[in-house]
Structures are given as structure tokens and as C-alpha cells.
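This report describes one protein chain, beginning with a cut-off used throughout and moving from the overall fold to selected residues.

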Amino acid sequence: MAVRLFNHAFDPWTLVRDRERRLPLEGFGACAVFAGRMRDFNEDQDVRALFLEHYPGMTEREMERIVAEAETRWPSITCEVAHRVGAVEPAETLVLVAVWSAHRVAARDACSEILERLKHEAPFWKRERLADGSQRWVEKNTPGH
């Protein structure tokens, strides 16, 4: 398991490639990847920037707990999870969830579950800066369905 927070832009595909270089890929027949980027709109308004607040230490522990529970549920998986904190601009990556498994169903299902649990359980607070210069807190996440 690898869980990381970044306070600067990161390339999710570089993280996936770097992780694959360290894995015995002959044992992993599947990799499911979700890379989420910041949109420039939310709730029918233009968004110019996003600021993600978190509790250092606590946020990482919660992310690790979520991934560890997935690894218990699907024992054949290994994961790479990364999340942004701080100031984020539109089109920058916010979250990466990559899951390797011997089989596609485990990789896909674990990736989806980890992502949804991060969105709803990990302690992040999002503040948007709108086109008119005002700011607002994001009160709910976009539904996962």
C-alpha cells in the first residue's frame, strides 16, 4: 500500500509507472486506475480555484485505514493512492486510486470502493474560489453513480 498527499501538482501516470516498475507484474493480471481532476465548474458556477484543507497525520491515517480495509476484503490487491491538498487549479489532478490484482473484478471493485470511501470518509474540506471572486465551502461531494 502506498498512500500519499501532495501539496503541489502531480502526474498520476508517472506514479502508476513508477509503482509498476517495483511490482512483480507477472502476478497482476489487472490494473484499475481512477484519476480525478479539478473541474472549472460546480453547481452551475465557474470555479477558478479550489483549496483543500486537511488535518495532517489524521488524514493520512484515515486514508491508510480505508486502503487497508480494501486490502483485507480483496487480499490479492496492491494499491497506490494519492490526493492533493492546498491550492489546486482547474485541470490539475486531485486524486489517484490505482489497484493491481490478479483479476479484473477485484481491481475494478476495490478501486471504486476506495475512491468512494475517500470522497465520503477522508477528512478533507474543500473551499472554492468562484469567477466573481467570492468563496464558498463545498457542502457535498458529487454522487458516485
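A residue counts as buried under 20% relative accessible area, as exposed over 50%, and as partly exposed in between. The model is predicted. Glu 60 has a relative accessibility of 25% and therefore falls in the partly exposed class.

## Overall fold

The chain contains three helices and nine strands. Read from the N terminus, the order of elements is β-α-β-β-β-α-β-β-β-α-β-β. For 145 residues, a compact globule would be expected to have a radius of gyration near 15 Å, and the 16 Å of this chain agrees with that. Along the principal axes, the C-alpha atoms occupy a box of roughly 50 × 30 × 25 Å.

Of the 145 residues, 43% are buried. Among contacts with a separation of 6 or more, 72% join residues 24 or more positions apart. The exposed area of the chain is about 8,200 Å², of which carbon and sulfur atoms supply 51%. There are 21 positive and 24 negative side chains, and the centres of these two sets lie 2 Å apart.

## Ser 101 and Ile 77

Ser 101 belongs to strand E7, which spans residues 93–101. Its relative accessible area is 0%, so Ser 101 is buried. Which side chain makes a polar contact with the side chain of Ser 101? The partner is Ser 76, at 3.3 Å. A polar atom of the Ser 101 side chain also lies 3.3 Å from the backbone nitrogen of His 103. Beyond residues up to four places away in sequence, Ser 101 touches Phe 28, Gly 29, Ala 30, Ser 76, Ile 77, Ala 106 and Ala 107.

Ile 77, one of those contacts, sits in the loop between H2 and strand E5 (78–84). With a relative accessible area of 8%, Ile 77 is buried. Its contacts outside the four nearest places in sequence include Val 99, Trp 100 and Ser 101, along with Ala 70, Glu 71, Ala 106 and Ala 110. Ala 106 thus appears in the contacts of Ser 101 and of Ile 77. The C-alpha atoms of Ile 77 and Ala 102 are 7.4 Å apart in space, with their positions 25 residues apart in sequence.

## Glu 60

Glu 60 is placed in helix H2, residues 58–73. Leaving out residues up to four places away, Glu 60 touches Val 3, Leu 5 and Tyr 55. Glu 60 and Glu 26 are 34 residues apart in sequence, and their C-alpha atoms are 30 Å apart.

## Strand E2 and the loops after it

Gly 36 is part of strand E2 (residues 30–37). At 11% relative accessible area, Gly 36 is buried. Leaving aside residues up to four places away, Gly 36 touches Glu 92, Thr 93, Leu 94 and Val 95; Thr 93 and Leu 94 fall within the residue range 93–101 of strand E7. Gly 36 and Arg 19 are 17 residues apart along the chain, with 18 Å between their C-alpha atoms.

Arg 39 lies in the loop between E2 and E3. The relative accessibility of Arg 39 is 38%, so this residue counts as partly exposed. The side chain of Arg 39 reaches the backbone oxygen of Phe 41 at 3.2 Å. Outside the four nearest places in sequence, Arg 39 is in contact with Val 47 and Thr 142. Leu 94, a contact of Gly 36, has its C-alpha atom 9.9 Å from that of Arg 39, and the two are 55 residues apart along the chain.

The loop between strand E3 (41–42) and strand E4 (45–54) holds Glu 43, and Asp 44 lies in the loop between E3 and E4 as well. What is the sign of phi at Glu 43? Phi of Glu 43 is positive, near 50 degrees, in a residue other than glycine. Asp 44, not a glycine either, has a positive phi of about 60 degrees. Glu 43 is partly exposed at 46% relative accessibility, whereas Asp 44 is exposed at 82%.

## Accessibility of the residues described

| Residue | Relative accessibility | Class |
|---|---|---|
| Ser 101 | 0% | buried |
| Ile 77 | 8% | buried |
| Gly 36 | 11% | buried |
| Glu 60 | 25% | partly exposed |
| Arg 39 | 38% | partly exposed |
| Glu 43 | 46% | partly exposed |
| Asp 44 | 82% | exposed |

Note on methods
Residues numbered from 1 in each chain as written. Predicted model: local features only at pLDDT ≥ 70, side-chain atom pairs only at ≥ 80, totals over all residues. Heavy atoms only, no water. Helix = DSSP H or I, 4+ residues; strand = E, 2+ residues; numbered from the N terminus. Rg over C-alpha atoms; globule rule 2.2 N^0.38 Å. Buried < 20%, exposed > 50% of the residue type's maximum accessible area, 1.4 Å probe, protein only. Contact = heavy atoms within 4.5 Å. Areas by Shrake-Rupley, 256 points an atom, 1.4 Å probe, with all protein chains shown as cover. Lys, Arg positive; Asp, Glu negative; His and termini not counted. Charge placed at Lys NZ, Arg CZ, Asp CG, Glu CD. Polar contact = N/O pair within 3.5 Å; in protein donor to acceptor, adjacent residues only side chain to side chain.
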